[in-house]
Amino acid sequence: MRACLIAVVVSTALSVTSASATVIISADIGGKMRDYTTRFQQVRDSGESVVIAGTCVSACTMVLGLVPSDRICVTPDAVLGFHAAWMFDSSGKRVVSASGTQDLMQTYPAAVRAWIARHGGLTPKMMYLRGRDLAAIVAPCNSSRMASVSRAKRFGELHQLRLAPVLTGTE
């Protein structure tokens with residue numbers, strides 16, 4: 001019996017690859033576009049899936065264009081926030097960056113760009129995509145991914161962007 005249990009544990013451990021791992025995004029307030037580009041390219045290249053399970057605003061939303069859409073899903077609690085890119089001018093004042101905003105828009109898939117355009121385009125003011133509008137653009141998570149998120153929250157493993165892989169489907 002013990003040998004059988006060990007075999008199951010080893011088999012399960014060996015079947016967990018980076019492609020079966022999940023990155024959970026929640027309470028992410030964004031940051032520098034360059035940093036998020038690097039992070040999400042790493043997620044894309046690793047084959048990991050992404051669950052947006054809460055707030056993902058500013059540069060965090062770049063995930064939508066940098067990770068394949070078939071590897072991203074949203075929970076009912078997901079909220080994406082978009083605004084124009086900005087930088088500091090010579091006096092230290094925050095100003096809109098037209099080129100940064102253009103780069104940001106080019107990162108997004110067509111459906112996101114269209115939603116942004118229908119809502120007046122990117123401005124310094126945050127606009128939020130959630131609920132039915134979000135579910136029409138990003139696939140809602142299936143039950144196995146939702147279970148992974150629930151377990152992660154229950155065990156306090158949910159972190160801002162990147163965590164130890166949360167298993168999906170094969171646990």
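Which element gives the largest share of the lining of the largest pocket? In this predicted model, that share, three residues, comes from strand S6. The pocket itself holds about 480 Å³ of space, and the residues closest to its centre, among the 20 that line it, are Gly31, Lys32, Met33, Trp86 and Met87. Strand S6, which spans residues 86-88, is one of the elements that give two or more residues to this lining, the others being helix H2 (33-46) and helix H4 (98-107). By residue class, the lining divides into 11 nonpolar, six polar and three charged residues.

The protein chain as a whole contains seven helices and eight strands, and buried residues account for 41% of its 171 residues. Among contacts between residues at least 6 apart in sequence, 68% join residues that are at least 24 apart.

Confidence varies along the chain. The mean pLDDT is 80, and 72% of the residues reach 70 or more. Over residues 1-19, however, pLDDT stays under 50, and for this stretch the model has eight contacts beyond four places in sequence. The pLDDT is also below 50 over residues 153-171, a stretch that has 48 contacts in the model beyond near neighbours in sequence. Where pLDDT is low, the predicted coordinates should not be read in detail.

Strand pairing is illustrated by S5 and S8. Strand S5 (residues 79-82) is joined to S8 by four bridges, and the two strands run antiparallel; within this pairing, glycine 81 stands opposite tyrosine 128 in S8. Along S8, which covers residues 127-130, the side chains alternate, with Met127 and Leu129 pointing to one face, where they are buried, whereas Tyr128 and Arg130 point to the other and are not buried.

The loop that follows the pocket-lining strand S6 and leads to strand S7 (94-96) contains lysine 93. Lysine 93 has a relative accessible area of 54% and is therefore classed as exposed, the cut-off being over 50%. Apart from its neighbours within four places in sequence, lysine 93 is in contact with Met87 and Phe88.

Glycine 65 provides an example of an approach between residues separated in sequence. This glycine is placed in helix H3 (residues 63-66), and its C-alpha atom is separated by 5.5 Å from that of proline 109, although the two residues are 44 residues apart along the chain. When neighbours within four places in sequence are left aside, glycine 65 is in contact with Thr107 as well as Pro109. With a relative accessible area of 35%, glycine 65 is partly exposed, because this value lies between the limits of 20% and 50%.

Two loop residues other than glycine have a positive phi. Alanine 27, for which phi is near 60°, is placed in the loop between strand S1 (22-25) and H2. Serine 58, where phi is likewise near 60°, is in the loop between strand S3 (55-57) and H3. The accessibility of the two residues can be set side by side: alanine 27 counts as exposed at 52% relative accessibility, whereas serine 58, with a relative accessible area of 15%, is buried.

Key: Residues numbered from 1 in each chain as written. Heavy atoms only, no water. 1 Å grid on protein atoms, 1.4 Å probe; cavity = no way out; pocket = protein on both sides within 12 Å on 5 of 7 lines; lining within 4 Å. Points joined across faces, edges and corners; volume = space filled by probe spheres on them. Nonpolar A, V, L, I, M, F, W, Y, C, P; charged D, E, K, R; others polar. Buried < 20%, exposed > 50% of the residue type's maximum accessible area, 1.4 Å probe, protein only. Pairing = 2+ DSSP bridges. pLDDT = per-residue confidence, 0-100. Contact = heavy atoms within 4.5 Å.
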